[in-house]
There are 2 protein chains.
Amino acid sequence: MKDRKQHVIKMAHQLFIDKGFQATSIQDILDYSGISKGTFYNYFSSKNELLIALLKSIYEKINKKRNELLMGQDPSDIEVFIKQIEIQLEMNRSNNLSSLFEEVFFSNDEELKQFIKKGHFRVIRWTHNRFKDIFGHDKEPYLLDCSIMFLGILNHNYKYYSIESNSRTAIKKVVRYSVNRIVKIVEEVAESDEQLLPPEKLTSWLPDCKKSTKALQQKLQHSILSLKKSLHHSHEPLKYIELLDFILDELVNTKEPRKFLIESVLSVLKTEPSLFKAGDMQKLEEQIKQYFINEELL
Amino acid sequence: MKDRKQHVIKMAHQLFIDKGFQATSIQDILDYSGISKGTFYNYFSSKNELLIALLKSIYEKINKKRNELLMGQDPSDIEVFIKQIEIQLEMNRSNNLSSLFEEVFFSNDEELKQFIKKGHFRVIRWTHNRFKDIFGHDKEPYLLDCSIMFLGILNHNYKYYSIESNSRTAIKKVVRYSVNRIVKIVEEVAESDEQLLPPEKLTSWLPDCKKSTKALQQKLQHSILSLKKSLHHSHEPLKYIELLDFILDELVNTKEPRKFLIESVLSVLKTEPSLFKAGDMQKLEEQIKQYFINEELL
DNA sequence: ATGAAAATAGACTGCCAGTATAATTTATAG
DNA sequence: CTATAAATTATACTGGCAGTCTATTTTCAT
């Protein structure tokens, strides 16, 4: 009955949008979603945990949409970036995320605070990575500052502009305006050569778990190599080798590997059960799963 | 026993700084400040009301310090502005205001939310007024946008920079950096002639109570005129006329009249009780008091 | 079909904000 | 100085909440 858990999250989300997070009591959620207390505490250890589950699912959705927009596009094309940011704001709006965030930060639950904080850091990191794509290597020393300033500008502009009109066109206007500003700021700040925070700070905020990631990558490489070897007997090895190589490349060389892509490739590979030894495929899947769990923890 | 109320506020403030607002129960406040529940609810109708009282006193302090810095200085001197912003951040830091604000916004108390929101608007308005001083009239159409962006940049930069070092020099660095950016942004945005929000929006966010203010101003003008007339018999009328004119000018032509200044001038005027008719002075004082109450309500 | 394991319902506990009432102090008038 | 009214303060009480515990039902593997 996993749908039931999803159902509870959905109902709670509705209540949060309608009444606000704080104002929604657990009893409200029980009544509205038609479950009992035992069930609730079986799913979540607290209201905060439920919120974290909800936010995670929204984060995932945003991430997925952002990645779809980038697929097959030039990463240095700023128009793509603009669309990505628009999506992000649009999702915030439709999920009442901004008010949720604001509410949430006053919580005294340390875990929830950490979660939100990590979320902010991840947004900064994502923006920073995109800025590297867009503005190029020579601007890099200034790009962490610029990411932080960009998000500050964007949030503030949106906050006050949306008082007046809170529509899709409002979002577009705000995003365009904010991006226009940051483009000039990047130029200006590089010229005046002022730096507040060196980009390396990011890795201390969000440690890459480099050791464990490295170790996992080696295991993955090994698994895939042995899979490729066992392909020699296949009648179209090239196609499968390409797929395997893609997986490896996506996991090892991409900042944020696209889970859904990898999963679809895996499913293709699994359509021919005769290709590999029974355990090998499973082993690979297990490792990939582990990899994403690792990613998630940052 | 009015000190007792102040004492409670002070003790609560300490607790808020130590444990956070949400995590502090009313019982904690009662224990820590050695009063009983009845007393507490006699002073404040709720914990939120206490918070509002606390914030008001902090706002006043900040405002006073800011005004002191501006006294006798050139308002267009950006170095003065920098010092004012530094003071503001410094006060936020020492009072743990930023975390308080963040906590507070997730409250479901509508009154408290409105209060905080109004506080944000006032900061924007103050910044906007200062920007008008600094950047001049021709930049005015862009200065509301710039105020909003400046505060976004400043907050974000400070938020993330203070993770690394949270000292007085950190504040200075962040403020200098942020001001350097906004100076260039003002130039750039004026050149590209882009506008998001027209500055008139401010008055709709913070209505001036124009009607009542206008009416009060006329009354004031009248009172002061009659006081000036009665001065003809004095042996040094000029000095007192100047003082009276100063009060009128400060109240009518200044965006944020400096209460402490006006009060000190009033006290000087009152040192010579023979100067004016008994009731006239009192009437003036009453009107000025009314004026500030009006101001406070926006 | 049966027994173990997981899911569910709802009663129960303790805490907290806010209220009502009782006791005490303070102010005022005779 | 005393009596009485008013304000202040202390504390007992209420209702609602989050979270726990236990008994019951459902699910699933064998």
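How many nonpolar, polar and charged residues does the surface near DNA strand C have?

## Make-up of the DNA surface

This model is predicted. The surface near DNA strand C has five nonpolar, seven polar and three charged residues. In total, 15 residues surround the strand. The closest are Arg4(A), Ser36(A), Thr39(A) and Tyr43(A), together with Lys37(B).

Three helices each supply at least two residues of this surface: H3 (37-43) of chain A, plus H2 (26-33) and H3 (37-43) of chain B. H3(A) gives the most, with five residues.

## Contacts with strand C

Which part of the strand meets the protein, backbone or bases? Of the atoms of DNA strand C within 4 Å of the protein, 57% belong to sugar or phosphate. The rest belong to bases.

Individual contacts show both kinds. On the phosphate side, a polar side-chain atom of Thr39(A) lies 2.9 Å from a phosphate oxygen of strand C. For Tyr43(A), a polar side-chain atom also sits 2.9 Å from a phosphate oxygen of the strand. On the base side, Gly38(A) uses its backbone: one of its polar backbone atoms is 3.5 Å from a base oxygen of strand C.

## How the two chains are arranged

Chain A superposes on chain B by a rotation of 180° with 0.1 Å of shift along the axis. The RMSD is 0.4 Å. The two copies are therefore related as by a two-fold rotation axis. Both copies use the same surface: 100% of the contact residues of chain A recur in chain B.

Which residue of chain A comes closest to the rotation axis? Gly152(A) does, with its C-alpha at 2.1 Å.

Definitions and conventions. Residues numbered from 1 in each chain as written. Chains lettered and ligands numbered in written order. Predicted model: local features only at pLDDT ≥ 70, side-chain atom pairs only at ≥ 80, totals over all residues. Heavy atoms only, no water. Near = heavy atom within 4 Å. Polar contact = N/O pair within 3.5 Å; in protein donor to acceptor, adjacent residues only side chain to side chain. Helix = DSSP H or I, 4+ residues; strand = E, 2+ residues; numbered from the N terminus. Nonpolar A, V, L, I, M, F, W, Y, C, P; charged D, E, K, R; others polar. Least-squares fit on C-alpha atoms with pLDDT ≥ 70 in both. Contact = heavy atoms within 4.5 Å.
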